[in-house]
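Trainee: Please choose one part of this structure and take me through it slowly. I would like to follow each step of the reasoning, and then see how that part sits in the whole.

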Amino acid sequence: MRADAQRNRDRIVEVARALFRVKGFEAVSMDEVAKAAEVGPGTLYRHFPTKESLYDAVLEAWAEKVNTAVDRALTLDAPARERLLNWLTDYASMLTEHKGAAARITAALGDPGSPFAAKCQTYLGANRRVIEALDSALRPGVDAMQISRLVGGVAAVVDNSELPADAAASMLAVVADGLIAS
């Protein structure tokens with residue numbers, strides 16, 4: 001890709017990230033992104049033929065961030081519950097970084113045709129790693145999809161409400177307690 005085309009693409013993604021974070025996916029139009037990024041519609045659509053493909057690019061950096069968060073949680077010198085809760089907290093936080101993302105991504109879990117399928121697979125993979133590392137401390141039968149949907153549900157509630165910041169922490173503690181073997 002030419003340097004100027006890469007700069008345009010990067011600027012579009014940066015502007016879209018800011019708009020999606022503030023307004024949410026549904027409320028942002030492609031025209032709004034093009035105007036804010038100071039590019040023509042043709043330039044925008046050449047890089048991103050759909051709003052979903054643009055949103056996917058905005059979320060692309062999540063894979064690295066997700067893996068770093070899992071690594072950090074699993075290498076803590078702490079009991080299994082604390083390591084699990086650390087991961088669940090980071091996971092919920094990542095889901096709520098962009099307005100509306102928690103509900104969209106959680107709803108897309110298990111849908112291979114979703115434009116967010118790659119992001120879902122990243123989160124499912126992260127939860128599989130957590131299960132493998134904490135297996136003996138978890139209730140029998142816990143699977144990655146369950147963890148993804150539970151944390152996604154908590155994150156969606158927090159994202160779409162006026163709950164205080166500590167409300168997520170207390171809900172995630174309940175989720176962690178439910179996942180840990182008694």
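Mentor: Let's begin with a word we will need often: a residue counts as buried when its relative accessible area is under 20%, as exposed when it is over 50%, and as partly exposed in between. Please also keep in mind that this is a predicted model.

With that cut-off in hand, look at Tyr-91. Its relative accessibility is 1%, so Tyr-91 counts as buried. Now find Tyr-123, which also has a relative accessible area of 1% and is therefore buried. The two rings form an aromatic pair, with 4.6 Å from centre to centre. Their planes are 35 degrees apart, and the pair is classed as tilted. Tyr-91 belongs to helix α6 and Tyr-123 to helix α8, so this pair links parts of the chain that are 32 residues apart.

That brings us to the two helices themselves. What do we need in order to describe how helices pack? Two packed helices are described by the angle between their axes and the distance between the axes. Here, α6 covers residues 80-95 and α8 covers residues 117-134. Their axes lie 11 Å apart, at an angle of about 175 degrees. An angle over 145 degrees counts as roughly antiparallel, and α6 and α8 are therefore roughly antiparallel to each other.

Which residues make the contact between α6 and α8? On the α6 side you will find Ala-80, Arg-83, Leu-84, Trp-87, Tyr-91, Met-94 and Leu-95. They meet Tyr-123, Ala-126, Asn-127, Val-130 and Leu-134 on the α8 side. Sorted by class, this contact has ten nonpolar residues, one polar residue and one charged residue.

Let's pause at Asn-127, which sits in helix α8. Is Asn-127 buried or exposed? Its relative accessible area is 0%, so Asn-127 is buried. Setting aside residues up to four places away in sequence, Asn-127 touches Trp-87, Tyr-91, Ala-144, Ile-147 and Ser-148. You can also compare places in sequence with places in space: Asn-127 and Val-66 are 61 residues apart along the chain, with their C-alpha atoms 10.0 Å apart.

Ser-148 on that contact list takes us to another helix, because Ser-148 is found in α9, residues 144-159. Ser-148 is buried too, with a relative accessible area of 0%. Apart from residues up to four places away in sequence, Ser-148 touches Tyr-91, Thr-106, Leu-109, Tyr-123, Leu-124 and Asn-127. So the contacts of Ser-148 include the two tyrosines we started with, Tyr-91 and Tyr-123, as well as Asn-127. Ser-148 and Tyr-91 are 57 residues apart in sequence, yet 8.8 Å apart in space from C-alpha to C-alpha.

Now let's step back to the other rings. The whole structure has seven aromatic pairs. One of them joins Phe-25 and Tyr-55, whose ring centres are 5.0 Å apart and whose planes stand at 70 degrees, so this pair is edge-to-face. Phe-25 lies in the loop between α1 and α2, while Tyr-55 lies in helix α4, so the pair ties together parts that are 30 residues apart in sequence. Phe-25 and Tyr-55 are both buried. Ring pairs link Phe-25 and Tyr-55 with Phe-20 and Phe-116 into a cluster. Phe-25 has one further neighbour to look for: Lys-51 lies over the face of its ring, at 4.5 Å from the ring centre.

Finally, let's place our part in the whole. The protein has ten helices and zero strands. Its C-alpha trace spans about 60 × 35 × 30 Å along the principal axes. Of its 182 residues, 46% are buried. Among contacts between residues at least 6 apart in sequence, 69% join residues at least 24 apart. The pair we began with, Tyr-91 and Tyr-123, brings together residues 32 apart.

How values were computed:
Residues are numbered from 1 along each chain as its sequence is written. This is a predicted model: local features need pLDDT of at least 70, side-chain atom pairs count only at pLDDT 80 or more; totals for chains, interfaces and linings use all residues. Side-chain values use heavy atoms; hydrogens and water are left out. Axes are lines fitted to C-alpha atoms, for helices over the stretch in contact, and angles run from 0 to 180 degrees between N-to-C directions. Helices (H or I, at least four residues) and strands (E, at least two) are DSSP runs, numbered from the N terminus. Angles under 35 degrees count as roughly parallel, over 145 as roughly antiparallel, 65 to 115 as roughly perpendicular and the rest as oblique. Contact means heavy atoms within 4.5 Å. Ala, Val, Leu, Ile, Met, Phe, Trp, Tyr, Cys and Pro count as nonpolar, Asp, Glu, Lys and Arg as charged, and the others, Gly among them, as polar. Rings of Phe, Tyr and Trp (its six-membered ring) pair if their centres lie within 6.5 Å; planes under 30 degrees apart count as stacked, over 60 as edge-to-face and the rest as tilted. Buried means under 20% relative accessible area, exposed over 50%, partly exposed in between (1.4 Å probe, protein chains only). A charge sits over a ring if NZ of Lys or CZ of Arg is within 6 Å of the ring centre and within 35 degrees of the ring normal.
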